[in-house]
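Biologist: Could you walk me through this structure, starting with what you mean when you use the word pocket?

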Amino acid sequence: MVTDQLDQLRRDAQKGLDSAATTNELSDWHARYLGRKGALTDAMRQLGALSAEERPAFGKAVNALKTELSEAFEARQEIVRGAQLDARLATDAIDVTLPGRPLELGTLHPITQLIREVSSIFAHLGFQTIEGPEVEDAYYAFDALNIPKDHPARDVWDTIFVQSESREIVLRPHTSPMQVRTMERLKPPVRVIVPGRCYRYEALDATHEWHFQQVEGLAVDEHLTMTDLKGTLAEFARQLFGPQRKVRFRCDYFPFVEPGVDFAIDCMVCHGDGCRVCKGTGWIEILGAGMVHPNVLANVGYDPDKYTGWAFGCGFERLAMLKYGITDIRAFYQSDLRFLSQFDRATA
Ligand code: DAH
């Protein structure tokens with residue numbers, strides 16, 4: 001009878017164990033059968049009620065059952081843990097074949113890209129790229145460039161003054177001062193271009209910024225003529241705006257050149273018929289240039305009877321606006337990624 005009870009207990013316990021599918025259910029099962037208040041402890045307690053002959057065999061049987069159930073428990077525990085682990089792995093799995101999130105890479109500013117392109121065009125024509133100070137002595141910005149104090153032409157540059165007591169210091173309003181600095185430092189032949197930031201006291205609108213970038217070009221040697229200027233600038237314009245570009249030179253005045261010219265290309269939008277971009281003229285002015293004034297050569301100690309030179313100055317923003325069809329110069333300096341990311345060129 002008592003052994004029947006143990007058999008029943010074994011069957012129930014085994015059934016319970018087989019259906020325990022989680023660690024929680026397993027520990028409930030453990031408490032019910034093997035715990036201190038569990039069924040096997042109860043069975044042991046019954047020993048006292050048995051006769052002396054029955055006791056050893058029953059005790060042995062209970063102990064055997066206890067060992068059997070403990071082993072079964074451990075085996076079941078292994079299975080349940082394994083299954084739970086498998087389930088976790090399946091849901092938490094990392095799909096290593098998913099493409100990663102792309103890194104946001106910055107791009108070079110469109111003006112930086114253009115500076116590099118222009119530098120490269122001129123490098124192939126034998127010009128070296130150099131840079132100069134943005135905070136400049138008025139001597140280099142004006143006086144040495146044949147723009148004397150109190151001369152009305154000085155007003156043209158809407159200069160921002162940094163300090164004007166003992167020495168006149170300005171934020172350079174153009175890159176032309178580097179003509180003087182370069183010639184002071186080098187002996188002819190000179191062939192340089194100087195890209196860099198410039199500043200002017202301007203009312204801002206779609207075509208005026210208070211800070212912008214220019215490139216200055218300067219070539220000085222014996223026997224340089226206007227023909228060299230024209231040939232080089234035409235080549236530059238055709239490399240930047242297309243080989244079919246027509247070019248036009250007209251007289252203009254800049255104090256540091258004589259003669260001075262304004263240089264234009266035929267409109268790449270209407271090809272000369274007249275449109276909004278060229279304001280109906282068919283031509284787009286892109287830079288000022290001229291033969292370096294003998295006074296400027298003399299100011300740096302070059303002999304104007306021996307050497308001649310030509311120079312040009314050009315705004316990068318204007319070039320970029322024409323090249324990319326941008327209608328507002330302010331777009332370049334508002335750090336709007338929607339604008340800037342359009343210039344994500346692989347060649348940059
Ligand atoms: N510096 C002039 C400006 O900012 C541009 C310029 C014109 C530069 C003629 C030159 C030049 O070198 O020859 O308006």
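Modeller: A pocket is an open set of grid points with protein on both sides within 12 Å along at least five of seven lines, and its lining residues have an atom within 4 Å of a point. Please keep in mind that this is a predicted model.

Biologist: Okay, so which residues line the second largest pocket?

Modeller: The lining includes a run of residues made up of Glu104, Leu105, Gly106, Thr107, Leu108, His109 and Pro110, and it is completed by Leu337, Leu340, Ser341 and Asp344. Sorted by class, these are five nonpolar, four polar and two charged residues.

Biologist: And how much space lies in it?

Modeller: The second largest pocket holds about 190 Å³ of space.

Biologist: Let's switch to helices. How do α5 and α10 cross?

Modeller: Helix α5, which covers residues 110-124, and helix α10, which covers residues 316-324, have axes that come within 10 Å and cross at roughly 95°. Because angles from 65 to 115 degrees count as roughly perpendicular, α5 is described as roughly perpendicular to α10.

Biologist: Which residues meet there?

Modeller: From α5 there are Ile111, Leu114, Ile115, Glu117 and Val118, and they meet Phe316, Glu317, Leu319, Ala320 and Lys323 of α10. By class, this contact has seven nonpolar and three charged residues, with no polar ones.

Biologist: What does Phe236 touch?

Modeller: Phe236 lies in helix α8, residues 226-241, and, leaving out residues up to four places away in sequence, it touches Val118, Ile121, Phe122, Leu287 and Leu319. Val118 and Leu319 also take part in the meeting of α5 with α10.

Biologist: Is Phe236 buried or exposed, and why?

Modeller: Phe236 counts as buried because its relative accessibility is 0%, and the cut-off for buried is under 20%.

Biologist: How far apart are Phe236 and Ser119?

Modeller: In sequence they are 117 residues apart, whereas in space the distance from C-alpha to C-alpha is 10 Å.

Biologist: Now Gln213, where does that lie?

Modeller: Gln213 is part of strand β6, residues 211-222, and with a relative accessibility of 9% Gln213 counts as buried. Beyond its neighbours within four places in sequence, Gln213 has contacts that include Ile111, Ile115, Phe316 and Glu317, and those four residues also appear where α5 meets α10.

Biologist: Last one, how do α2 and α4 pack?

Modeller: Helix α2 (residues 23-33) packs against helix α4 (residues 54-92) at an angle of about 170°, and their axes are 10 Å apart, so α2 is roughly antiparallel to α4. Among the residues making that contact are Trp29 and His30 of α2 and Phe73 and Arg76 of α4.

Note on methods: Residues numbered from 1 in each chain as written. Predicted model: local features only at pLDDT ≥ 70, side-chain atom pairs only at ≥ 80, totals over all residues. Heavy atoms only, no water. Helix = DSSP H or I, 4+ residues; strand = E, 2+ residues; numbered from the N terminus. Buried < 20%, exposed > 50% of the residue type's maximum accessible area, 1.4 Å probe, protein only. Contact = heavy atoms within 4.5 Å. Axes fitted to C-alpha atoms, helices over the stretch in contact; angles between N-to-C directions. Parallel < 35°, antiparallel > 145°, perpendicular 65-115°, else oblique. Nonpolar A, V, L, I, M, F, W, Y, C, P; charged D, E, K, R; others polar. 1 Å grid on protein atoms, 1.4 Å probe; cavity = no way out; pocket = protein on both sides within 12 Å on 5 of 7 lines; lining within 4 Å. Points joined across faces, edges and corners; volume = space filled by probe spheres on them.
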